[in-house]
Amino acid sequence: MLNSKNAREELENILSKKEYTVYHKGGKSIFEIWWDKAQKWLADHLEKWFPSFEPAGSAAVPIMIIAIAVVIIGLSLAAFLIIRNRKRNRLLRNQKPLKSREEMNWSYQRHLTEADNQEGAGEYTLSTRHLFLALLLYFDEKEWLTARIWKTNWEYYDELRKVNQQYADRFYLLASFFDEVTYGERKVQRDEYLQFRSAAMEWFEENEPIQPQGERRADRN
């Protein structure tokens, strides 16, 4: 049998250890300790920002809860945006929009016509692809970039940035949507497709009317 005196001493030794007292200090759980510290930290800052704020007032706790909730939501939103942007940048860096010589040799007008045909059939993913390729080849004709099969959208973005930063930023948004649809297995809804289409068509409407044209030069790589 275990000696009762030795057992009591062993128990006292356990209870005196730092690991135990941290979780049971003052009879509070670790969450309660954390909550008290968070309240104190927030109350100190609220007093600095708003001298009339009274931490001991009846409205103090609800205000602090709301403030903490706002901070948590803000941090969550920031984390979401960072993760999404990293994912988009990874797609832009790795994927090549032009997949074949045939796509390269089509005129941008022909891609626009095909985009209209696919839109009429309700094939918004294919329509998105042809509309984006039309835009890319249009930029090539304007000599804002040089379209090539081996280039990624990130390289096109970098070329546009050297021409006009505003153009590059607009292109980045369209390229991100295109990559998510094409490589991220995202099913395109009609409303978001129409928003994409409107943003893409602005480029053509801002510069010149679209006239029918045959295929592009066949000597492209």
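In this predicted model, the pairing of α6 with α7 brings together Y108, H111, L112, E114, A115, Q118 and E119 from α6 and Y124, L126, S127, H130, L131, L133, A134, L137, Y138 and E141 from α7. Sorted by class, the residues of this contact come out as 10 nonpolar, 4 polar and 3 charged. The two axes lie 8 Å apart, and the packing angle is about 165°. Since angles over 145 degrees count as roughly antiparallel, α6 and α7 are therefore roughly antiparallel to each other. As for handedness, α6 passes α7 in a left-handed crossing.

Taken by itself, α6 covers residues 108–120, which makes 13 residues. From first C-alpha to last, α6 reaches 18 Å, close to the 18 Å expected at 1.5 Å a residue. Its buried residues are Y108, Q109, H111, L112, A115, Q118 and E119. Several of these turn up again in the contact with α7, among them Y108, H111 and L112. After α6 comes G122, with a positive phi near 80°.

Next along is α7, which spans residues 124–141. This helix has 18 residues and stretches 25 Å from its first C-alpha to its last, close to the 26 Å expected at 1.5 Å a residue. Most of α7 is covered, with 15 of its 18 residues buried. Just past the helix, E143 takes a positive phi of about 65°, and does so although it is not a glycine. E143 sits in the loop between α7 and α8. Its relative accessibility is 69%, so E143 counts as exposed.

Besides α6, α7 also packs on α9. Here the axes come within 10 Å and cross at roughly 145°, and the crossing is left-handed. On the α7 side the contact is made by T125, T128, R129, F132, L135, L136 and F139, and on the α9 side by F171, L174, A175, F177, F178, V181 and T182. The class count for this contact is 10 nonpolar, 3 polar and 1 charged residues.

Then there is the pairing of α8 (residues 153–163) with α9 (residues 165–183), whose axes come within 8 Å and cross at roughly 165°. That angle is over the 145-degree cut-off, and α8 and α9 are therefore roughly antiparallel to each other. The crossing of α8 over α9 is right-handed. From α8, the residues in the contact are N153, W154, Y156, Y157, L160 and R161; from α9, they are Q165, Y167, A168, D169, F171, Y172, A175, F178 and D179. These residues split into 10 nonpolar, 2 polar and 3 charged. Some α9 residues do double duty: F171, A175 and F178 appear in the contact with α8 and also in the one with α7.

Not every part of α9 is tucked away. L173 belongs to this helix, and its relative accessibility of 54% is why L173 counts as exposed. The C-alpha of L173 lies 9.5 Å from that of A199, a residue 26 positions away along the chain.

Y193, in helix α10 (residues 190–207), makes a good contrast in exposure. With 0% relative accessibility, Y193 counts as buried. Leaving aside residues up to four places away in sequence, Y193 touches A115, E119, Y124, S127, T128, L131 and V188. Some of these neighbours belong to the α6–α7 contact described above, including A115 and E119 of α6 and Y124, S127 and L131 of α7. T128, another neighbour of Y193, is one of the α7 residues that meet α9. Y193 and F177 are 16 residues apart in sequence, with 9.5 Å between their C-alpha atoms, and F177 is itself one of the α9 residues in contact with α7.

Stepping back to the whole chain, there are 10 helices and 0 strands, giving the pattern α-α-α-α-α-α-α-α-α-α along the sequence. Of the 221 residues, 33% are buried. Among contacts in the chain with a separation of 6 or more, 66% are between residues 24 or more positions apart.

Conventions. Residues are numbered from 1 along each chain as its sequence is written. This is a predicted model: local features need pLDDT of at least 70, side-chain atom pairs count only at pLDDT 80 or more; totals for chains, interfaces and linings use all residues. Side-chain values use heavy atoms; hydrogens and water are left out. Axes are lines fitted to C-alpha atoms, for helices over the stretch in contact, and angles run from 0 to 180 degrees between N-to-C directions. Helices (H or I, at least four residues) and strands (E, at least two) are DSSP runs, numbered from the N terminus. Angles under 35 degrees count as roughly parallel, over 145 as roughly antiparallel, 65 to 115 as roughly perpendicular and the rest as oblique. A crossing is left-handed if the near helix is turned anticlockwise from the far one by less than a right angle, and right-handed if clockwise. Contact means heavy atoms within 4.5 Å. Ala, Val, Leu, Ile, Met, Phe, Trp, Tyr, Cys and Pro count as nonpolar, Asp, Glu, Lys and Arg as charged, and the others, Gly among them, as polar. The expected span of a helix is 1.5 Å times one less than its number of residues. Buried means under 20% relative accessible area, exposed over 50%, partly exposed in between (1.4 Å probe, protein chains only).
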